[in-house]
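Q: Please take one close look at how charged side chains pair in this chain. Then show me what lies around those pairs. Keep it brisk.

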Amino acid sequence: MTMRLIRLQEVLSKTGLSRSRLYADSSFPQRVRLGRRGVAWVESEVEDWIAQRIADRELT
């Protein structure tokens, strides 16, 4: 399996979260530092987080 890192704009697009909500949500996967100012997220972790939100919705 290939790991892919995705940048902030793609994360926001996939999740529908705002930037401030993304950083405030402690359940969201941790970011990966790419340098002094650059960050990204592991795509599979973001997709797992989305799938968990869907599963949680179906249980209620």
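A: Start with Arg 53 and Asp 56, which form a salt bridge with their closest N and O atoms 3.6 Å apart. A salt bridge here is a side-chain nitrogen of Lys or Arg within 4 Å of a carboxyl oxygen of Asp or Glu. Both residues sit in helix H3, three residues apart, so about one helical turn separates them. Helices (H or I, at least four residues) and strands (E, at least two) are DSSP runs, numbered from the N terminus. Arg 53 is partly exposed at 32% relative accessible area, and Asp 56 is partly exposed at 33%. The cut-offs are these: buried is under 20% relative accessible area, exposed is over 50%, and partly exposed is in between (1.4 Å probe, protein chains only).

A word on the basis. The model is predicted: local features need pLDDT of at least 70 and side-chain atom pairs count only at pLDDT 80 or more, while totals for chains, interfaces and linings use all residues. Residues are numbered from 1 along each chain as its sequence is written, and side-chain values use heavy atoms, with hydrogens and water left out.

Side chains of opposite charge can pair when their charged atoms come close. A search of the whole structure finds six salt bridges. One of them links Glu 43 to Arg 4, with the closest N and O atoms 3.0 Å apart. This pair joins distant parts of the chain: Glu 43 is in helix H3 and Arg 4 is in the segment before strand E1 (5-6), 39 residues apart. Glu 43 counts as buried at 15% relative accessibility. Its partner Arg 4 is partly exposed at 40%.

Glu 43 deserves a longer look. Helix H3 covers residues 43-59. The side chain of Glu 43 also makes a polar contact with the side chain of Lys 14, at 3.4 Å. A polar contact is a pair of N or O atoms within 3.5 Å; within protein, one must be able to donate a hydrogen and the other to accept it, and residues adjacent in sequence count only if both atoms are side-chain atoms. Beyond its neighbours within four places in sequence, Glu 43 is in contact (heavy atoms within 4.5 Å) with Arg 4, Ile 6, Glu 10 and Lys 14. Salt bridges also link Arg 4, Glu 10, Lys 14, Glu 43 and Glu 47 in a network.

Another salt bridge is formed by the side chains of Asp 25 and Arg 21, at 4.0 Å from N to O. Asp 25 is buried at 13%, whereas Arg 21 is partly exposed at 44%.

Now the nonpolar side. Ile 6, a contact of Glu 43, belongs to the largest nonpolar core. Such a core is a set of buried Ala, Val, Leu, Ile, Met, Phe, Trp, Tyr and Cys residues joined through side-chain atoms within 4.5 Å. This one has 11 residues: Ile 6, Leu 8, Val 11, Leu 12, Leu 17, Leu 22, Phe 28, Val 39, Trp 41, Val 46 and Trp 49. H1, strand E3 (39-42) and H3 each supply at least two of them. H1 gives the most, with three residues.

Leu 17 is one core member. It lies in the loop between helix H1 (8-15) and helix H2 (19-24). Leu 17 is buried at 18%. Not counting residues up to four places away in sequence, Leu 17 touches Leu 12, Leu 22, Phe 28 and Trp 49.

Phe 28 and Trp 49 also meet each other. The structure holds two aromatic pairs. Rings of Phe, Tyr and Trp (its six-membered ring) pair if their centres lie within 6.5 Å; planes under 30 degrees apart count as stacked, over 60 as edge-to-face and the rest as tilted. Phe 28 and Trp 49 have ring centres 4.8 Å apart and planes at 70°, so the pair is edge-to-face. Phe 28 lies in the loop between H2 and strand E2 (32-33) and Trp 49 in helix H3, so the pair ties together parts that are 21 residues apart in sequence. Phe 28 is buried at 7%, and Trp 49 is buried at 10%.

Step back to the chain. It has three helices and three strands, in the order β-α-α-β-β-α. Of its 60 residues, 30% count as buried. Among contacts with a separation of 6 or more, 47% are between residues 24 or more positions apart.
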